[in-house]
Amino acid sequence: MTKVVIKKIKKVMPALLPSGWVQETAKAMGCSRSTVWDAMRNNRKGPVSDKIRAYVLEKYGTEIKDIK
């Protein structure tokens, strides 16, 4: 049998997001700036907020590598 090494890559939200991230995210997601702000800073719940958080994590997240 062959030993397989699985590398898991996790992303972590950065503490400080770059300038203009709210407007850029709002344009990409097709919603308003206040919706983006509420999703990220006020932890609103719902499908749109979940999509916004996933988009920001994918675009601006920092990778952390785990080997198991």
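Let's go straight to helices H2 and H3, where H3 covers residues 47–60: in this predicted model, their axes come within 9 Å and cross at roughly 80°. With angles of 65 to 115 degrees counted as roughly perpendicular, H2 and H3 are therefore roughly perpendicular to each other. If you'd like to find the contact on the screen, look on the H2 side for Thr-35, Val-36, Ala-39 and Met-40. Across from them, H3 brings in Val-48, Ser-49, Ile-52, Arg-53 and Val-56. Sorted by class, that contact of H2 with H3 has six nonpolar residues, two polar ones and one charged.

Now let's turn to the other helix pair. How closely do the axes of H1 and H2 come, and at what angle do they cross? H1 runs over residues 21–29 and H2 over residues 33–41, and their axes come within 8 Å, crossing at roughly 110°. So H1 and H2 are also a roughly perpendicular pair, and their crossing is right-handed. From H1, the contact is made by Trp-21, Val-22, Gln-23, Thr-25 and Ala-26. H2 answers with Arg-33, Val-36, Trp-37, Met-40 and Arg-41. Those residues divide into six nonpolar, two polar and two charged.

You may have noticed a couple of names coming back. Val-36 and Met-40 of H2 take part in the contact with H1, and they also meet H3.

Before I finish, here's a detail about the rings. Which residue lies over the face of Trp-37? That's Arg-41, at 5.4 Å from the ring centre. And as for rings pairing with rings, the structure holds one aromatic pair.

Thanks, everyone, and I'm happy to take questions!

Conventions:
Residues are numbered from 1 along each chain as its sequence is written. This is a predicted model: local features need pLDDT of at least 70, side-chain atom pairs count only at pLDDT 80 or more; totals for chains, interfaces and linings use all residues. Side-chain values use heavy atoms; hydrogens and water are left out. Axes are lines fitted to C-alpha atoms, for helices over the stretch in contact, and angles run from 0 to 180 degrees between N-to-C directions. Helices (H or I, at least four residues) and strands (E, at least two) are DSSP runs, numbered from the N terminus. Angles under 35 degrees count as roughly parallel, over 145 as roughly antiparallel, 65 to 115 as roughly perpendicular and the rest as oblique. A crossing is left-handed if the near helix is turned anticlockwise from the far one by less than a right angle, and right-handed if clockwise. Contact means heavy atoms within 4.5 Å. Ala, Val, Leu, Ile, Met, Phe, Trp, Tyr, Cys and Pro count as nonpolar, Asp, Glu, Lys and Arg as charged, and the others, Gly among them, as polar. Rings of Phe, Tyr and Trp (its six-membered ring) pair if their centres lie within 6.5 Å; planes under 30 degrees apart count as stacked, over 60 as edge-to-face and the rest as tilted. A charge sits over a ring if NZ of Lys or CZ of Arg is within 6 Å of the ring centre and within 35 degrees of the ring normal.
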